[in-house]
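Colleague: Could you take me through one part of this model slowly, as you would for someone in their first year? I would like to see how the backbone and the surroundings of a residue are read together.

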Amino acid sequence: MDVSQYLEIFIDETNGHIQDLSDCIMTLESDPENMDMVNEIFRAAHSLKGMAGTMGFKRMQHLTHDMENVFQEVRSGNMKVNSELIDVLFECLDAIEGYLENVKGTSDEGTEDNEAIINELNRVLAAGTGQEAPEAAGDKAQAAADDASEEGTAQTDNKAKFKEIFLEDPERDAIKAEMDKGLTLYGFSVYIDEECLLKAARAFLVFKAVEEFGQIMAYMPSSQDIEDEKFDFDFHFLLVTDQELDPIVKAVKAVSEISEVVVEKLDEPPTNEPETEEQPAKEENAKEEKKAEAVATPPAKTSAPAAAPAKDTGAKKDAPAKKSGGGKPVTSRTIRVDIEKLDALMNQVSELIIAKNSLVSISTSDDGNFDSQLFHEQIEYLERITTNLHESVMKVRMVPIESAVNKFPRMIRDLSKKLGKDMVLQMSGEDTELDRTVVDQLGDPLQHLLRNSADHGLESAELRKERGKPATGTITLNAFQEGNNVIIEVSDDGNGIDVEAVRSKAVERGQFSEEQASAMSSKEIIDLLFQPSFSMAKQITDISGRGVGLDVVKSNIEALGGDVEVKSTLGYGTKFTVRLPLTLAIIQALMVEVRDEKFAISLGSIQTIEYINISDIKYVQANEVIHIRGSVIPLIRLNELLDIEALENDGDSITVVIVSKGEKQVGLVVDNLMGQQEIVIKSLGKYINGNKIISGATILGDGEVALILDVNTLM
């Protein structure tokens with residue numbers, strides 16, 4: 001069975017379990033006696049183990065199995081949660097994330113066994129329960145191999161059912177041909193735990209494991225019956241191989257929920273006769289007796305792996321299962337949607353079909369009149385439906401930013417230990433919704449801002465006490481919706497930005513002379529921090545110092561159509577404000593004309609529209625500006641910016657669209673206003689790389705293409 005079809009589900013589910021584990025461990029660190037968190041961690045580790053086992057990721061399965069063992073002891077009251085255990089658990093999470101990153105990149109978990117982490121986990125387990133320290137992972141693996149060899153080769157007649165496999169003459173001849181080549185024939189009988197919920201998946205994993213050593217020549221029951229789970233809790237097969245037996249048995253026993261493996265070297269293929277009619281009847285009676293026993297004594301329930309495939313489609317006799325993973329990166333493209341949103345979407349589509357049928361009926365009628373009142377009513381009806389449909393689709397695309405910010409409490413906890421500063425992260429507004437494409441790219445900019453607050457913003461505990469502040473610094477992340485934008489604020493109660501120190505650094509770097517720097521405003525000085533390679537850190541560490549933090553924030557946020565601004569008070573703290581559009585797919589835009597060309601400007605960037613007399617245009621350092629309501633606003637003539645031929649005569653007045661980015665404003669001179677319109681953004685790919693002001697294009701109702709202007713690049 002090719003499990004690659006389940007990789008996206010596995011990645012999505014594993015991400016969720018990792019986040020749940022991180023949240024629960026963080027809670028457990030502050031409340032070690034919280035048994036609800038202990039049970040939750042146990043369940044998440046158990047689910048991860050089952051999912052990894054089903055996908056054939058044995059290293060991840062081994063690690064999560066040991067985590068599960070630890071929390072079984074905690075649940076049983078045999079050991080207590082302490083800071084040492086918490087640190088090791090976070091190391092385990094990092095290792096699991098490493099496996100997941102490998103799976104995303106190569107569809108395989110990689111070759112890292114993480115023996116040091118597993119040994120440390122088992123050492124903490126032994127210390128917590130008062131047992132002797134366990135063997136090292138390598139010794140343990142060798143002992144397991146020895147045990148597997150001894151147990152696997154010890155068989156009894158009633159367990160070695162592979163001897164009952166019936167072979168057709170061609171199959172027997174094929175096996176003999178392989179044995180004539182010097183290969184060895186082994187018979188395997190594999191028994192699955194009776195509490196196992198996915199027997200076919202376990203059988204597939206066994207087949208996948210042994211086919212790395214040789215070729216399976218025959219099955220009992222048939223491969224199709226195994227695939228359809230039409231078998232009890234045991235299956236049997238014949239394997240030809242040139243490998244040693246011990247590693248094969250070890251690989252089989254490494255599959256979870258395998259209770260017993262019986263194996264024997266065979267000198268020749270089985271020669272038993274096909275089953276008689278009485279034999280199936282006897283087996284059926286045995287099955288009924290087994291079911292009756294199961295009803296009388298129901299097994300304990302176990303949670304099924306969330307990403308496990310429902311069927312095993314790889315146990316084909318004629319076509320051995322192929323290994324998964326072709327090196328192609330796998331990313332999760334799924335969105336979990338509330339069923340009510342889907343119902344609303346379905347209702348809108350139904351209405352759309354009704355409107356379409358009405359228009360078709362009008363167009364095909366004998367007296368079809370496209371100027372009739374009925375036709376215009378249907379057009380208005382269709383317009384209302386498409387607007388509602390757009391809103392419904394947008395709601396489906398919207399997801400809480402929770403998925404992007406949930407990892408930050410763990411990050412701040414680690415930074416607190418690494419930097420030796422007491423700090424706490426307070427978050428609010430995690431349920432604020434954004435377009436999925438925006439949320440996916442939001443993590444890195446916010447991570448840089450938080451790391452900046454932790455490293456540069458917050459002072460040491462001693463300095464905070466001298467200044468009369470609490471010893472523990474506070475970093476706040478707050479998100480909320482404002483009109484068609486989402487605002488995310490990252491603030492701290494630390495030192496604030498020393499404007500004079502930044503000014504001196506700029507002069508030291510030779511960016512400005514002392515006269516130029518002294519003439520710059522505080523805001524202009526602070527904006528220097530967003531320049532590439534500009535850093536105030538005195539030494540380079542793995543946290544900061546290379547000047548690749550705030551410039552990444554600025555470029556990434558602007559790439560999403562947003563902007564970032566900073567306010568800081570020396571000695572009291574700093575606040576970064578990130579403003580982002582709700583969605584990148586469909587926006588409300590003002591359509592304008594410049595000569596004969598049509599352009600779109602996002603309404604979210606527009607402040608006002610003014611009609612300015614030519615005589616009111618002033619000049620500052622040879623640049624055109626206008627004075628409106630106490631503000632001096634520079635003018636940009638779009639025809640010059642876009643290299644479009646100018647009109648011979650502008651007339652007595654010009655039309656100016658005032659756009660803003662934070663506190664900055666610019667006036668765009670256009671020839672004509674076409675009105676407001678809802679547009680669908682289409683990417684231009686690599687066709688236009690030189691001019692950043694063009695962020696995309698849209699197709700108008702008459703089929704004409706209009707370019708979309710990104711006014712953020714003008715300020």
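Modeller: Let's begin with Ser-107, whose relative accessible area is 4%. The cut-off for buried is under 20%, so Ser-107 counts as buried. Keep in mind that this is a predicted model. You will find Ser-107 in the loop between α4 (83–106) and α5 (115–129). Now look at its backbone: phi is positive, at about 65°, although Ser-107 is not a glycine.

Stay in that loop, because there is another residue to look at: Asn-114 also lies between α4 and α5, and its relative accessible area of 13% makes it buried. Asn-114 is not a glycine, yet it has a positive phi of about 55°.

For a further backbone detail, move along to the loop between β2 (214–220) and α9 (223–227), where Pro-221 sits. The peptide bond joining Met-220 to Pro-221 is cis, with omega about 0°.

To finish, here is a helix you can check with simple arithmetic. Helix α12 covers residues 339–364, which is 26 residues. The expected span is 1.5 Å times one less than the number of residues, so α12 should span 38 Å, and its end C-alpha atoms are indeed 38 Å apart. Turning to its side chains, the buried residues in α12 include Leu-345, Gln-348 and Ala-355, and further along Leu-359 and Ile-362 are buried too. Part of what covers the buried residues of α12 is α13 (373–397).

How values were computed
Residues are numbered from 1 along each chain as its sequence is written. This is a predicted model: local features need pLDDT of at least 70, side-chain atom pairs count only at pLDDT 80 or more; totals for chains, interfaces and linings use all residues. Side-chain values use heavy atoms; hydrogens and water are left out. Helices (H or I, at least four residues) and strands (E, at least two) are DSSP runs, numbered from the N terminus. Buried means under 20% relative accessible area, exposed over 50%, partly exposed in between (1.4 Å probe, protein chains only). Contact means heavy atoms within 4.5 Å.
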